[in-house]
Amino acid sequence: MGSLFRSEEMALCQLFLQSEAAYACVSELGELGLVQFRDLNPDVNAFQRKFVNEVRRCDEMERKLRYLEKEIKKDGIPMLDTGESPEAPQPREMIDLEATFEKLENELREVNQNAEALKRNFLELTELKHILRKTQVFFDEQEGGVNQTTESMTRALITDEARTAGASMGPVQLGFVAGVILRERLPAFERMLWRACRGNVFLRQAMIETPLEDPTNGDQVHKSVFIIFFQGDQLKTRVKKICEGFRATLYPCPEAPADRREMAMGVMTRIEDLNTVLGQTQDHRHRVLVAAAKNLKNWFVKVRKIKAIYHTLNLFNLDVTQKCLIAECWVPLLDIETIQLALRRGTERSGSSVPPILNRMQTFENPPTYNRTNKFTKAFQALIDAYGVASYREMNPAPYTIITFPFLFAVMFGDLGHGAIMALFGLWMIRKEKGLAAQKTDNEIWNIFFGGRYIIFLMGVFSMYTGLIYNDIFSKSLNIFGSHWHLSYNKSTVMDNKFLQLSPKGDYEGAPYPFGMDPIWQVAGANKIIFHNAYKMKISIIFGVVHMIFGVVMSWHNHTYFRNRISLMYEFIPQLIFLLLLFFYMVLLMFIKWIKFAATNDKPYSEACAPSILITFIDMVLFNTPKPPPEKCETYMFFGQHFIQVLFVLVAVGCIPVMLLAKPLLIMQARKQANEEVQPIAGATSDAETGGVSNGGSHGGGGGHEEEEELSEIFIHQSIHTIEYVLGSVSHTASYLRLWALSLAHAQLAEVLWTMVLSIGLKQEGPVGGIVLTCVFAFWAILTVGILVLMEGLSAFLHTLRLHWVEFQSKFYKGQGYAFQPFSFDAIIENGSAAVEE
């Protein structure tokens, strides 16, 4: 089969590169993204490898670029992103890049330091301006005649001894300090002054109305101006220590009014000058950042490419002459010629005259799994890989999942209206995918939706199809082809009677409806759910059994591809027979019952004589004789049914010991024969044995050569596998009933929303009715999208995922491989520097 149905054939190759051409060749391979290199120096420390200095230089350049990016984002400058990916620079260009980044960083740091110093000076002058302005008010109060307050304040700050001494020495001169403090620290600051100075100081404070900018981090802070009056040097020292402890800033404040006015004028002049200089500094900083923003994205790409190349070169080995680098890599077999062309281009770019050598190696190591995808199949492949990466050259379920996944989802989500909403959302993302992909975001939920846009679109389209089959659109039906039923009831009975039942004997024309369900079932209040239950439950079992049989058939392709004759004969064939004779036979009974029995038929093929498929299947497995049917009804549905059922059960039960014992016994016999035939030859192996137990073969240079498994482990493994398959066939068949259960639940929820929400607005009349209908419709639309589309859609999606992972893939898919992770610049740039470190 082609690579769509299996992973690509891989080859392990050895690559010889001249040292001068190695960088350019690896750069070309990075652009190609088809080579996965192996680490040939696993025991060498990362700091002892050949190109560690170059990697450190790249780290330093990345650090400088992140610093520039941080400053650009801080100023809100848009960064130019052309979407193009420049080529990796030559090694000699690293020096120019380093010089450019060093110059930009130094210039920006110098500008920032100057701006911070200017802002600090500006802050100090602004605070001093507010101090001079606020304290002037305090001094004006004193000079304006508030003598009693001043005298009382003076008396409170002077002790009795000082007052007695001051009577002979004249008036006492009070000292003061002025400053600013953060507003939230002011209450604690006031309490500390009172307690530490025992109430011998006088504090006046006033708030600064406008917030001030902190020059360190640019935050806006609220501060207050204070002035403290005291007497004596001892209190002065204590007050200054308290101010220092609360990080209050003290400023000189002259005592003389003339000096204060002169200082205020000088402060205002300096503030105006600083504003001018700050504006020029900000303009210069902005110009530097704007120039850097134009090239920042390209610089990041170039540095990450250089770093990725040197990381990859550190995986290589040097030959004895120190002039040639040796690498080992996994490559897709179909792309070897493309890789050789890329190596040739790299050699020509470097100017080397020695061509690179790419040799294919023989190995028994299991190759990585590489499934070639495009933007459509990528999401479906991701669903499969989330369960487990396929083993090498194992059948890939993704191509079949493209059809079966949205279809099984639609069986549970069948509604024409809800499916249309989902399909339109998926179609919108597909039409706008280029623009949406360019808008990279960290929102994980949006990334999941956008990554699965094709899945969402197909799920919506398939849901519209099954909605037409169910004839269900927002819990109502479409009357396209009229009805094939004739009701003998009047209109009021049909509209109001909740116990109305449809009877095929008198009401049905006998001709099937052209497409889907007849819309007349909307008025059948009593037996509508019974009819839909019977229909959806049976098609769920039919789809489930067909899906499981298809999974078993897929295992045949694995056995034949790997030439595993023992597994093909004694696993695949018994499994298929077991599933066909029991569960596919049950499906055939459903079709026989649908064809032979009808409500309009007379006995023995009337509705009353129709047997229960479940009871028939249970009697078949337990070898029970069916209960006597009603009068004129036949016991069996067709001639020889009892004999066929007994034969089917005996053959199916006989398949169980074949699945359980045949493969281990044949392997044991093959090993015994091999030991007898090659006793004189040490280390020889038997073709029969390896053909029976190998999982790989020699395809693509890799195989499944492993140590010989013990017989006890083979018996245990086969026992577990057989028990799991036999019991799982029963549980998996029942598991598909979730198709019926979720479909019924979805239809009932939609009907509840219609009858209990929207129908209330539709019954209103007049102008008020229009307003009520608008509000009710908005509420109904929100509930429909939020509950029936999002929540029910997520539930159906998860159940569909489980049906594929457990019920379908368990029949043939092991998922024990490891993914092919090529050296690709696109992946590294998309994932950032974290991908490089890995």
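**Exercise 1. Is Phe 449 buried, partly exposed or exposed?**

*Solution.* Keep in mind that this is a predicted model.

- Step 1: Locate the residue. Phe 449 sits in helix 15.
- Step 2: Take its relative accessible area, which is 32%.
- Step 3: Compare that value with the cut-offs. Buried means under 20% and exposed means over 50%, with partly exposed in between.
- Step 4: Conclude. Phe 449 is partly exposed, because its relative accessible area is 32%.

**Exercise 2. Work out which residues join Phe 449 in a nonpolar surface patch, and which helices supply them.**

*Solution.* Let's start with the members and then turn to the helices.

- Step 1: List the members. The patch is formed by Phe 425, Trp 428, Ile 445, Phe 449, Leu 749, Val 785, Ile 787, Leu 790 and Met 791.
- Step 2: Give its extent. Together these residues have about 800 Å² of accessible area.
- Step 3: Assign the helices. At least two residues each come from helix 13 (416–431), helix 15 (444–451) and helix 26 (766–808).
- Step 4: Find the main supplier. Helix 26 provides the largest share, with 4 residues.

**Exercise 3. Find the disulfide of this structure and describe its geometry and surroundings.**

*Solution.* Here it helps to go from the search to the bond, and then to the two cysteines.

- Step 1: Search the whole structure. The search turns up 1 disulfide.
- Step 2: Name the partners. Cys 609 and Cys 633 are linked, with their sulfur atoms 1.7 Å apart. The cut-off for a disulfide is 2.5 Å, so this pair qualifies.
- Step 3: Read the handedness. The angle about the S-S bond is -55°, and the link of Cys 609 and Cys 633 is left-handed.
- Step 4: Place the ends. Cys 609 lies in the loop between helix 20 (565–596) and helix 21 (613–622), while Cys 633 lies in the loop between helix 21 and helix 22 (641–677). The pair is 24 residues apart and links distant parts of the chain.
- Step 5: Check burial. Cys 609 counts as buried because its relative accessibility is 7%. Cys 633 is buried too, with a relative accessible area of 11%.

**Exercise 4. Summarise the protein as a whole: how many helices and strands does it have, and what share of its residues is buried?**

*Solution.* Now zoom out.

- Step 1: Count the elements. The protein has 28 helices and 11 strands.
- Step 2: Look at burial. Of its 838 residues, 44% count as buried.
- Step 3: Look at the surface. The accessible surface comes to about 45,000 Å², and 59% of that belongs to carbon and sulfur atoms.

Note on methods
Residues numbered from 1 in each chain as written. Predicted model: local features only at pLDDT ≥ 70, side-chain atom pairs only at ≥ 80, totals over all residues. Heavy atoms only, no water. Patch = residues over 30% accessible without salt bridge, like charges linked within 9 Å, V, L, I, M, F, W, Y side chains within 5 Å. Areas by Shrake-Rupley, 256 points an atom, 1.4 Å probe, with all protein chains shown as cover. Salt bridge = Lys/Arg side-chain N within 4 Å of Asp/Glu carboxyl O. Buried < 20%, exposed > 50% of the residue type's maximum accessible area, 1.4 Å probe, protein only.
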